[in-house]
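Hi everyone, thanks for coming along. I'd like to walk you through a protein that may be new to most of you, so let's bring it up on the screen.

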Amino acid sequence: MNVTELIKALAKVEQHVHIVGSVRPETLFCFANQADIEMPFKTVEEVHEFFRFRDFPHFISVYTMVVNCITEESQFERITYEMLEGDARNNVHYVEASFSPADHVFKDLEYNRMLKAINNGIRRAQADFGIKCNIRIDLVRNYGPEIGMEVLNWIEGENDNVVSIDIGGSEHKYPPKPFEQVYSRANEMGLHLVAHAGEAAGPQSVWDAVKYLNVEHIGHGLAAVNDNMLMEYLLKRGITVEMCPTSNIKTGAISSLERHPIRTFLRKGLKVTVNTDDPSMFGTSMNDEYLQLHSKLNFTIPELFSLSLDAVDSSFLPEKLKMSIRETFMKEYHNLEIE
Ligand SMILES: [Zn+2]
């Protein structure tokens, strides 16, 4: 096997992927037609063109358009199933997928029905491809802590496969501190705690997420690299940094992959995972992420495999399941016969 084939064959875990950011252009086209919504595209090819990332404002307009095209709760089953089908093709065994229910509840969809549809997609994908998936609920920081509390009420009513909360959205405008009580309540509810931080804003945003929200994982975390004390603190607390290299290049958080700080984090001994974030909108996949790390930052196959194992260990699965997934990963790895 050549390196590309080996990378494809490596077992993987994806921890940071947004369900809506995974919708296939074909699927979006179908939803738009069904709902008879006026769209800036007339053919599937034009949807592909529309999806092609240009800049951050364009990304937001694509994201908003996708949210507008989802007009029935049941559509989440197809989106989730197709996301997992794509991940399974990349030999991903387990996914933690983010869902931002408030975006859709504000468009008159029901939380419980959406969660059921997502879980139907998860169950079908597991039956067809053997892939497992749990759900992270993104409270979306732009909606503020009151809506955050409201979303926790929804989770209390229906939490099938929900393992954690997260806050995505505009990091500059909505810092973590006001969400302190929301996170403390989520912790009491037995949910794991994650926050996007240090992607668009500086190290203070990461400090606030770890100090006020007690997070176990940081989404992106790039800005921490400029603050040695923060890096030490993340290490001491055993906080995992979920990196999304292609996303960082596309959004302009990093100027090129060669300049991505992932190796600095690893050298410090921090636990790092590699993820796609929004695979449809950034035109990426788990295989692509690993391939890029290999070609641009000289990651070897054993180094990439160690990222996979870290993603198993730092996932929000119960210990027993982690052990069995780890065993499967090791078995598959040995079968690849890498010296
Ligand atoms: Zn994200």
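**A pair of helices, and the protein around them**

Let me start with one detail: helices α10 and α11 cross in a left-handed way. Before I go on, please keep in mind that what you see is a predicted model.

So which residues make this contact? On the α10 side they are P203, V206, W207 and V210, and α11 brings in L230, Y233 and R237. Sorted by character, the residues of this α10–α11 contact come out as six nonpolar and one charged, with no polar ones.

If you want to find the two helices yourselves, α10 covers residues 203–213 and α11 covers residues 228–237. Their axes come within 11 Å and cross at roughly 30°. Because angles under 35 degrees count as roughly parallel, α10 is described as roughly parallel to α11.

Now let's zoom out. How many helices and strands does the protein have? There are 17 helices, along with eight strands. Its radius of gyration is 19 Å, close to the 20 Å that the globule rule gives for 339 residues, so the protein is as compact as a globular protein of that length. Along the principal axes, the C-alpha atoms fill a box of roughly 55 × 45 × 40 Å.

And what about the inside? Of the 339 residues, 46% are buried. Finally, looking at contacts with a separation of 6 or more, 75% are accounted for by residues 24 or more positions apart.

That's my tour, and I'm happy to take questions!

Terms used: Residues are numbered from 1 along each chain as its sequence is written. This is a predicted model: local features need pLDDT of at least 70, side-chain atom pairs count only at pLDDT 80 or more; totals for chains, interfaces and linings use all residues. Helices (H or I, at least four residues) and strands (E, at least two) are DSSP runs, numbered from the N terminus. The radius of gyration is taken over C-alpha atoms; the globule rule is 2.2 Å times the number of residues to the power 0.38. A residue is buried if 20 or more other C-beta atoms lie within 10 Å of its own, exposed if 12 or fewer, and partly exposed in between; C-beta atoms are placed from the backbone. Two residues are in contact if their C-beta atoms, placed from the backbone, lie within 7 Å. Axes are lines fitted to C-alpha atoms, for helices over the stretch in contact, and angles run from 0 to 180 degrees between N-to-C directions. Angles under 35 degrees count as roughly parallel, over 145 as roughly antiparallel, 65 to 115 as roughly perpendicular and the rest as oblique. A crossing is left-handed if the near helix is turned anticlockwise from the far one by less than a right angle, and right-handed if clockwise. Ala, Val, Leu, Ile, Met, Phe, Trp, Tyr, Cys and Pro count as nonpolar, Asp, Glu, Lys and Arg as charged, and the others, Gly among them, as polar.
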